[in-house]
Structures are given as structure tokens and as C-alpha cells.
Amino acid sequence: MTYFAGKTYWLIGASEGLGRELARMLDAEGAHVVLSARNADRLESLCAELSHARVHPLDVTDSDAVRRAAAELGPVEGIIYNAATYDPVRATEWDSDAVLSMCDVNFVGALRVLGEIVPRFVKAEMGDITLIGSLAAYSGLPASIGYGASKAALLSLAETMRHDLKGSGVVVRIVNPGFIKSRLTEKNAFKMPMIMSPEDAASRVLKAMRKNRFRSDFPAPFSWFIRSLVFLPDLLVYRGK
Ligand SMILES: NC(=O)c1ccc[n+]([C@@H]2O[C@H](COP(=O)([O-])OP(=O)(O)OC[C@H]3O[C@@H](n4cnc5c(N)ncnc54)[C@H](OP(=O)(O)O)[C@@H]3O)[C@@H](O)[C@H]2O)c1
């Protein structure tokens with residue numbers, strides 16, 4: 001009997017990359033997974049591999065669709081908000097459509113989903129919420145207009161929920177990975193330190209979920225470096241700028 005056996009999780013952003021691996025690992029641990037993302041074909045092909053999964057296609061930028069999906073979902077013990085989009089955008093080459101889309105999917109989409117799920121969990125005095133953030137939340141990095149802010153906002157949201165949900169029976173955690181090999185990082189032309197496979201990243205997410213720890217940052221020491229930027233003098237961080 002594993003920690004996840006028999007529990008039902010709504011996994012949003014399940015069709016690709018980290019989410020696809022999370023679905024496989026949760027299923028292998030005996031969890032029932034409801035697979036959501038926009039690409040129904042990719043979700044169906046994943047579902048065919050799994051033993052206890054079902055598919056519920058969803059675009060998190062569509063408020064009515066989120067409301068409908070939550071209503072049709074049935075009972076769930078936990079949700080994992082993994083959906084995100086990323087394009088490298090520099091302030092000097094501002095791309096408004098890309099920036100607004102990143103904020104809408106990565107942060108506002110989470111608000112849409114949580115707005116349906118949190119009241120239900122609070123009423124039931126139970127529920128497990130995992131938000132997939134990013135180490136990019138900790139510092140304004142170059143060429144991260146929109147993405148960095150969306151992940152910083154998600155972190156702030158998780159911290160507030162942690163205060164407010166204390167003693168409610170509802171658990172919230174944020175998992176902040178470093179670079180993962182996926183279609184998102186294929187867009188980066190620079191060298192990505194300590195880049196992980198989706199399998200490695202997914203097993204670290206599951207470990208974080210088992211431990212009930214609020215915050216998990218990985219991989220170390222890259223995560224220590226990113227978090228330390230906030231303590232360094234601006235003169236050092238923005239030298240020559
Ligand atoms: N890759 C990295 O280096 C890295 C680093 C730190 C954190 N992360 C975080 O890890 C998570 C997974 O990223 P990944 O690298 O695995 O990316 P990915 O392969 O592109 O997966 C993103 C998932 O989000 C879904 N999604 C995107 N837009 C959506 C929408 N409007 N509605 C519903 N679902 C939507 C995608 O499915 P559809 O396209 O089918 O909708 C896909 O399943 C994200 O939260 C990302 O920010 C990634």
C-alpha cells in the first residue's frame with residue numbers, strides 16, 4: 001500500500017513534460033488521476049497507458065470550462081496545478097500576447113481552478129493542493145517578462161493560502177523546480193545549469209507531496225544560488241546594468 005494508493009488527484013497540465021510523468025508515477029503508485037490539459041489526443045494516449053486514469057480536457061483560460069470541469073469532476077482528495085506556458089520575452093522586445101498568455105495560464109488559471117476547489121476542500125475539512133511553481137519566482141531574471149512575475153505571484157498565493165488554511169484540514173504546498181527538459185526549455189538558447197529529466201523532476205515532486213512540506217526547491221545547489229540572489233547587494237546582482 002503506497003501513500004497515494006486509492007486517492008484521486010486532479011492533475012492540470014497532464015499532457016506533456018513534467019505533468020505527463022507525474023501522471024505515470026501517480027498511477028504506478030495506485031492513485032486515480034483525472035488528466036486535464038487542452039490537447040485531448042495527448043491525454044487519451046496517456047490514459048491508454050495508465051490503469052486508473054480518466055481524461056477531462058480543459059483550457060484553464062476559459063472560466064466557464066473550469067467551472068464546468070470542477071462540477072463534473074466528482075470527489076477528489078487532491079489537485080496538482082502544473083499548467084503553464086513559457087516564452088522568453090525581454091523588456092526591449094516586449095511581446096504583449098505572449099506575456100498576457102503566460103500570466104493568464106500560469107497564475108490566473110490557478111486562481112480560476114482554486115476558486116472552484118478551495119471552498120469545496122474547506123467545507124470538507126480536507127484536501128491536498130500542490131502548485132508547481134519555479135525557481136524563477138525568487139528573482140527577476142533576464143528575458144522573463146511575464147513568466148517570472150506569474151511564478152512569483154503563484155508563490156505569493158501559496159504563502160497566503162498557507163496562512164489562511166492553517167487548521168482547516170487543507171494542505172497547500174509549492175514545488176519550485178529548476179530547469180527541466182521539455183518543450184518549454186527547448187525555447188532557451190543558453191546553457192541551463194543542472195537541467196533535469198521530466199522523470200527526475202516528477203519523482204522529486206512526488207517526494208515533496210509525501211513529506212507534506214510547504215516548500216520544495218530543487219535541484220540543490222542551483223536552488224540555493226537562486227534563492228541567495230535576494231540577499232546579495234544590487235550592485236553585485238545588476239553589475240554593469
Ligand atoms: N521546464 C522547465 O525548465 C521548468 C522549470 C521550472 C518550472 N517548470 C514548471 O513545470 C510545469 C510543467 O512544465 P513543463 O516544462 O513540463 O512544460 P510542458 O511540457 O509545456 O507542459 C505544460 C502543461 O501545461 C498544459 N497547458 C498549457 N496551457 C494550458 C491551458 N491553457 N490550459 C490547460 N493546460 C495547459 C500543457 O498542455 P496543453 O498544451 O495540452 O494544454 C502541458 O500539459 C510548469 O508549471 C512549468 O512552469 C518548468
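A: Before we look at any residue, let us agree on one word: contact means that heavy atoms lie within 4.5 Å. Please also keep in mind that the model in front of you is predicted.

Q: With that in hand, which residues does E21 touch, once residues up to four places away in sequence are not counted?

A: E21, which lies in helix α1, touches P198, E199 and A202 when residues up to four places away in sequence are not counted.

Q: Is E21 buried or exposed?

A: The general idea is a cut-off, in which a residue is called buried under 20% relative accessible area and exposed over 50%. The relative accessible area of E21 is 10%, so E21 is buried.

Q: How do D97 and L100 come out by that rule, buried or exposed?

A: D97 has its place in helix α4, residues 96-124, and L100 lies in α4 as well. With a relative accessibility of 63%, D97 counts as exposed, and L100, at 57%, is exposed too.

Q: How should I read a separation along the chain beside a separation in space, and what are the values for L100 and S150?

A: The two kinds of separation are best read side by side. L100 and S150 are 50 residues apart along the chain, and their C-alpha atoms are separated by 9.7 Å. For D97 and F222, which are 125 residues apart along the chain, the C-alpha atoms are separated by 31 Å.

Q: How do I read the packing of two helices, and what is the angle between α1 and α2?

A: An angle under 35 degrees counts as roughly parallel. Helix α1, residues 17-28, packs against helix α2, residues 40-49, at an angle of about 25°, and their axes are 10 Å apart; α1 and α2 are therefore roughly parallel to each other. Where α1 passes α2, the crossing is right-handed. On the α1 side the contact is made by R20, A23 and R24, and on the α2 side by R42, S45, L46 and E49. Sorted by class, this contact of α1 with α2 has two nonpolar, one polar and four charged residues.

Q: Which residues make the contact between α3 and α4, and at what angle do these helices pack?

A: Helices α3 and α4 pack at an angle of about 30°, with axes 8 Å apart, and they are therefore roughly parallel to each other. Their crossing is right-handed. From α3 the contact takes in S63, V66, R67, A70 and A71, while α4 brings R112, V113, E116 and R120. By class, the contact of α3 with α4 has four nonpolar, one polar and four charged residues.

Q: What is the general idea behind a nonpolar core, and how many residues has the largest one here?

A: In soluble globular proteins, nonpolar side chains tend to be buried together. In this model the largest nonpolar core has 39 residues, and W10, I79, V113 and I129 are those with the most contacts inside it. Several elements give two or more residues to this core, including β1 (8-12), β4 (78-81) and β5 (127-132). The largest share of this core, seven residues, comes from α4.

Q: Which residues are in contact with I79, leaving aside its neighbours within four places in sequence?

A: Leaving those neighbours aside, I79 is in contact with Y9, W10, V113, L114, I117, F121, D128, I129 and T130. Apart from the largest core lies another core, of 30 residues, among them L26, A53, A201 and F218.

How values were computed:
Residues are numbered from 1 along each chain as its sequence is written. This is a predicted model: local features need pLDDT of at least 70, side-chain atom pairs count only at pLDDT 80 or more; totals for chains, interfaces and linings use all residues. Side-chain values use heavy atoms; hydrogens and water are left out. Axes are lines fitted to C-alpha atoms, for helices over the stretch in contact, and angles run from 0 to 180 degrees between N-to-C directions. Helices (H or I, at least four residues) and strands (E, at least two) are DSSP runs, numbered from the N terminus. Angles under 35 degrees count as roughly parallel, over 145 as roughly antiparallel, 65 to 115 as roughly perpendicular and the rest as oblique. A crossing is left-handed if the near helix is turned anticlockwise from the far one by less than a right angle, and right-handed if clockwise. Ala, Val, Leu, Ile, Met, Phe, Trp, Tyr, Cys and Pro count as nonpolar, Asp, Glu, Lys and Arg as charged, and the others, Gly among them, as polar. Buried means under 20% relative accessible area, exposed over 50%, partly exposed in between (1.4 Å probe, protein chains only). A nonpolar core is a set of buried Ala, Val, Leu, Ile, Met, Phe, Trp, Tyr and Cys residues joined through side-chain atoms within 4.5 Å.
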